[in-house]
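Here are a few notes from my look through this one. Have it open while you read, and follow along point by point.

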Amino acid sequence: MAEENKTLVTEFVLTGLTDHPGLQVPLFLVFLVIYLTTMMGNLGLIALIWKDPHLHTPMYLLLGSLAFADACSSSSVTPTMLIHFLSKNHMIPLIDCMAQFYFFGSSATTECFLLVVMAYDRYRAICNPLLYPVVMSNNVCTQFIGVSYFIGILHSAIHVGLLFRLTFCKSNVIHYFYCEILQLFKISCTDPTVNILLVLIFSTFIQVFTFMTIVVSYTLVLFTILKKKSEKGRSKAFSTCSAHLLSVSLFYGTLFFMYVRPGSGSAEDHDKMYSLFYTIIIPLLNPFIYSLRNKEVIDALRKIIKT
């Protein structure tokens, strides 16, 4: 009978951001606007890069790939949250729950490695401009993008695969707005120590390795920029790199607080805010961070508006 009980939980209840009835409709409207803006920003940027031949360069191929990862990341979480704002039924089947984490986890890991390739691209473009067309051709860039997505898919698949070793019988209530993996560990009636350790090890390694690679790349870029005699060249390089660094800081800051220090205390509401930031707000901000100060993107947009 005890063994049967372990297989009873096949659906979970997502409590969402708040259980206050008066906030459900206002929050639905806020996050609907955010989601639509996110999709228009990211998919619009992809369409713009695809349509304008002048943007068919490694830098913009990477930017388009990052926009796609952001669109996937937001779409894995926000639609379910929007439905739950207006519905009294907050149930989500176990398989759907795992699928939701899988798509979000693969998008987030892919983004880590895309940010590394973007830093490497800027390093090559600014520090070795003569060799740049050879070492960072569109073909090489496409291979880097493919590897980034492969690592993201594989990394997420490992953790989702290991979720199948867990059984859920303590509770079916997830005090979160999406199926976050650390929350699933809390309600497992199988010892999740192995899963927790692997999440901690993989997350720490990926984040530290990718973040340090980015820091080294941009440090070398900074020294090269400071050596430039042309004020215009320095200004353009700083403008491009500052957008990248802002995006990196937002992304890695929130991921670090969530996964490199799991279980670091009673700050459950803070964890929700960190999750909200990197699942919904960062995908909203990224296309604007990279586009608003980018002359080539703005020129391409003006060209399309005029035609």
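1. Where is Arg-165 found? Look in the loop that runs between helix 6 (138–163) and strand 3 (173–174). Keep in mind as you go that this is a predicted model.

2. Is Arg-165 buried, exposed or partly exposed? Its relative accessible area is 37%. Buried would need under 20% and exposed over 50%, so Arg-165 counts as partly exposed.

3. Now check who Arg-165 meets. Skipping its neighbours within four places in sequence, Arg-165 is in contact with Thr-190, Asp-191, Pro-192, Val-194 and Asn-195. Take Thr-190 from that list: it sits 25 residues away from Arg-165 along the chain, yet their C-alpha atoms are separated by 7.9 Å.

4. Zoom in on Asn-195 too. Its side chain and the side chain of Arg-165 make a polar contact, at 2.5 Å.

5. Next, follow the loop on to strand 3, which belongs to an open sheet. The sheet has 3 strands in the order 2-1-3, with mixed pairing. Strand 2 (91–93) and strand 3 are the edge strands, each pairing on one side only.

6. How do strand 1 (residues 11–14) and strand 3 run? They are parallel, and 2 bridges join them. To spot one pairing yourself, find Val-13: its bridge partner in strand 3 is Val-173.

7. Last stop: helix 4 (residues 94–127). This helix lies across strand 1, strand 2 and strand 3, and it runs at about 85° to strand 2.

Terms used: Residues are numbered from 1 along each chain as its sequence is written. This is a predicted model: local features need pLDDT of at least 70, side-chain atom pairs count only at pLDDT 80 or more; totals for chains, interfaces and linings use all residues. Side-chain values use heavy atoms; hydrogens and water are left out. Helices (H or I, at least four residues) and strands (E, at least two) are DSSP runs, numbered from the N terminus. Buried means under 20% relative accessible area, exposed over 50%, partly exposed in between (1.4 Å probe, protein chains only). Contact means heavy atoms within 4.5 Å. A polar contact is a pair of N or O atoms within 3.5 Å; within protein, one must be able to donate a hydrogen and the other to accept it, and residues adjacent in sequence count only if both atoms are side-chain atoms. Two strands pair if DSSP finds at least two bridges between them. Axes are lines fitted to C-alpha atoms, for helices over the stretch in contact, and angles run from 0 to 180 degrees between N-to-C directions.
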